[in-house]
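User: I have a structure I'd like to talk through with you, starting with the overall layout and then going into details. Could you pull it up?

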Amino acid sequence: MTLYRERLWAPPALYLATALVIPATLLVFLPISVLAGVLVAIGMELGALVLLWALAPTIEVTDSEFRAGKAHLPRALVGSVEAFEGAEATTQRGPKLDARAWTLFRGYVRGVVKVEVRDDADPTPYWLVSVRQPTKVVEAMQHTR
């Protein structure tokens with residue numbers, strides 16, 4: 001059963017910013033051919049939009065695992081889970097970040113959750129994952145404990 005699910009979509013402003021690909025492409029291809037310039041500009045813009053959409057990771061908490069993008073951690077190996085927002089989240093992503101930690105960050109998402117890994121065979125001490133509602137992730141992780 002899924003207890004929490006979130007897709008880290010890019011904000012609308014980032015989708016709009018991809019429109020800058022159009023004039024850049026036209027600048028390069030218009031001297032060659034107007035038709036080629038327009039077709040390549042449309043193709044590049046669509047490609048940028050599809051990449052933003054396709055590369056948006058999903059964060060999911062189920063009864064059996066914690067998923068962040070394509071990575072998954074069995075719930076049996078999850079230790080403590082902490083939520084951070086604002087300045088403390090920035091500190092966790094920066095000065096307090098352990099180089100051995102597994103991370104999934106999105107700059108446009110302010111909150112993070114820190115999920116301790118309890119596996120003696122794994123050198124990763126914790127996962128640090130961007131989420132929009134860190135407290136809800138912590139609640140979902142504690143739901144079946």
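Analyst: What follows goes from the whole chain to single helices, strands and residue pairs, and it concerns a predicted model.

User: Fine, what elements is the chain built from?

Analyst: The protein chain has 5 helices and 8 strands, and from the N terminus on these elements run β-α-α-α-β-β-β-β-α-β-β-β-α.

User: What about the dimensions, how far does the C-alpha trace span along its principal axes?

Analyst: The C-alpha trace of the protein chain spans about 65 × 35 × 30 Å along those axes. The radius of gyration of the protein chain is 20 Å, whereas a compact globule of 145 residues would have a value near 15 Å.

User: And what share of the residues is buried?

Analyst: Of the 145 residues, 34% count as buried. The accessible surface of the protein chain comes to about 8500 Å², and carbon and sulfur atoms account for 64% of that surface. As for contacts between residues at least 6 apart in sequence, 65% of them join residues at least 24 apart.

User: Let's look at the last helix, H5. Which of its residues are buried?

Analyst: In helix H5, which covers residues 134-142, the buried residues are Pro134, Val137, Val138, Ala140 and Met141. Seen down the axis of H5, these buried residues fall within an arc of 160 degrees, so they line one face of the helix.

User: What covers them?

Analyst: The cover of the buried residues of H5 includes strands S1 (2-7), S2, S3 (65-68), S5 (78-84), S7 (111-117) and S8 (126-131).

User: S2 is in that list, so pick a residue there. Where does Thr58 sit, and is it buried or exposed?

Analyst: Thr58 has its place in strand S2, residues 58-62, and Thr58 counts as buried because its relative accessible area is 16%, under the 20% cut-off. Leaving aside neighbours within four places in sequence, Thr58 is in contact with Arg5, Glu6 and Arg7, and also with Arg67, Ala68 and Gly69.

User: Glu6 turns up there. Which residue forms a salt bridge with Glu6?

Analyst: That is Arg132, and the closest N and O atoms of the pair are 4.0 Å apart. This salt bridge links distant parts of the chain, as Arg132 lies in the loop between S8 and H5 and Glu6 in strand S1, with their positions 126 residues apart. Glu6 is buried, with a relative accessible area of 9%, while Arg132 is partly exposed at 37%.

User: How many salt bridges are there in the whole structure?

Analyst: A search of the whole structure finds 6 salt bridges. Among them is the one in which the side chains of Glu88 and Lys96 meet, at 3.4 Å from N to O; Glu88 is partly exposed at 30% relative accessibility, and Lys96 is also partly exposed, at 47%. Another joins the side chains of Arg118 and Glu116, at 3.7 Å from N to O.

User: For that last pair, how exposed are Arg118 and Glu116?

Analyst: Arg118 is exposed, with a relative accessible area of 54%, whereas Glu116 is partly exposed, with 28%.

User: Switching topic: which residues make the nonpolar surface patch?

Analyst: Leu30, Val34, Val38, Ile42 and Leu46 make a nonpolar surface patch of about 440 Å². One of them, Ile42, is found in helix H3, residues 34-54, and at 46% relative accessibility Ile42 counts as partly exposed.

User: And Val28, which helix is that in, and why does it count as exposed?

Analyst: Val28 is found in helix H2, residues 21-29, and Val28 counts as exposed because its relative accessibility is 52%, over the 50% cut-off. The C-alpha atoms of Val28 and Val40 are separated by 9.9 Å, the two residues being 12 residues apart along the chain.

User: One last spot, then: where does Thr124 lie, and what is it in contact with?

Analyst: Thr124 lies in the loop between S7 and S8, and, leaving aside neighbours within four places in sequence, Thr124 is in contact with Arg100, Ala101, Trp102 and Val117. Although Thr124 belongs to a loop, Thr124 is buried, with a relative accessible area of 15%.

Definitions and conventions: Residues numbered from 1 in each chain as written. Predicted model: local features only at pLDDT ≥ 70, side-chain atom pairs only at ≥ 80, totals over all residues. Heavy atoms only, no water. Patch = residues over 30% accessible without salt bridge, like charges linked within 9 Å, V, L, I, M, F, W, Y side chains within 5 Å. Areas by Shrake-Rupley, 256 points an atom, 1.4 Å probe, with all protein chains shown as cover. Helix = DSSP H or I, 4+ residues; strand = E, 2+ residues; numbered from the N terminus. Buried < 20%, exposed > 50% of the residue type's maximum accessible area, 1.4 Å probe, protein only. Rg over C-alpha atoms; globule rule 2.2 N^0.38 Å. Contact = heavy atoms within 4.5 Å. Arc of directions from axis to C-beta.
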